[in-house]
Amino acid sequence: MARNLGLKRATDARAAFLRALRSSPEADRKDMVVREHQRLDALEARIRSRDAAEPEKLERRLTALSKLREGLT
């Protein structure tokens, strides 16, 4: 996604998304948050499936995912 936006890092893309979210009208913001939660839910399912055999990797990725969710509140 970052490359598609012409950004070097995923964290830059995330920061741009959060800026856009904060500057959006309330109705749009609610829809954006719902869609992002759905995307993160799907990502969590993939992580749990893919990394089930590697508990340390699973925990590290789930921790990072929870930080992504925190930014939406």
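## A salt bridge to start with

Let's begin with a pair of charged side chains: Arg48 and Glu44 come together in a salt bridge, 2.9 Å from N to O. This is a predicted model, so every distance here is computed from it. Because Arg48 and Glu44 sit four residues apart in helix H2, about one helical turn separates them. How buried or exposed are the two partners? Arg48 has 43% relative accessibility, so it counts as partly exposed. Glu44 is partly exposed too, with a relative accessible area of 21%; the cut-off for buried is under 20%.

This pair also belongs to something wider: Asp41, Glu44, Arg48 and Arg69 are linked in a network of salt bridges. Glu44 has another neighbour to look at as well, since Leu65 is in contact with Leu40, Leu43 and Glu44, once residues within four places of Leu65 in sequence are set aside.

## More charged pairs

How many salt bridges does a search of the whole structure find? The count is 10. One of them joins the side chains of Arg39 and Glu36, at 2.8 Å from N to O. Both of these residues lie in helix H2, three residues apart, which is about one turn of the helix. Arg39 is partly exposed, because its relative accessibility is 43%. Glu36, on the other hand, is buried, with a relative accessible area of 8%.

Then there's Asp51, which forms a salt bridge with Arg50, the closest N and O atoms being 3.4 Å apart. Asp51 is buried, with a relative accessible area of 2%.

## Helix H2

H2 runs over residues 26-50. Does its length come out as expected, and what should it be? With 25 residues at 1.5 Å a residue, H2 should span 36 Å, and its end C-alpha atoms are 36 Å apart, so the two agree.

Which residues of H2 are buried? They are Met32, Val33, Glu36, Leu40 and Ile47. The cover over the buried residues of H2 includes H1 and H3.

## Helix H1 and the segment before it

H1 has 14 residues and reaches 20 Å from its first C-alpha to its last, close to the 20 Å expected at 1.5 Å a residue. Its buried residues are Ala13, Arg14, Leu18 and Leu21. They cover an arc of only 135° around the axis, so they lie on the same side of H1. What covers them includes H2 and H3.

Lys8 has its place in the segment before H1. With a relative accessible area of 82%, Lys8 is exposed. Coming back to Glu44, Lys8 is 36 residues from it in sequence, and 24 Å lies between their C-alpha atoms.

## The nonpolar core

Now for the inside. The largest nonpolar core has 10 residues in all: Leu18, Leu21, Met32, Val33, Leu40, Ile47, Leu58, Leu62, Leu65 and Leu72. The elements giving two or more residues to this core are helix H1 (10-23), helix H2 (26-50) and helix H3 (55-70). Which element gives the largest share? That is H2, with four residues.

Some of these names have come up already. Leu18 and Leu21 are among the buried residues of H1, while Met32, Val33, Leu40 and Ile47 are among those of H2. Leu65, also in the core, is in contact with Leu40.

Definitions and conventions. Residues numbered from 1 in each chain as written. Predicted model: local features only at pLDDT ≥ 70, side-chain atom pairs only at ≥ 80, totals over all residues. Heavy atoms only, no water. Core = buried A, V, L, I, M, F, W, Y, C linked by side-chain atoms within 4.5 Å. Buried < 20%, exposed > 50% of the residue type's maximum accessible area, 1.4 Å probe, protein only. Contact = heavy atoms within 4.5 Å. Expected span 1.5 Å × (residues − 1). Salt bridge = Lys/Arg side-chain N within 4 Å of Asp/Glu carboxyl O. Arc of directions from axis to C-beta.
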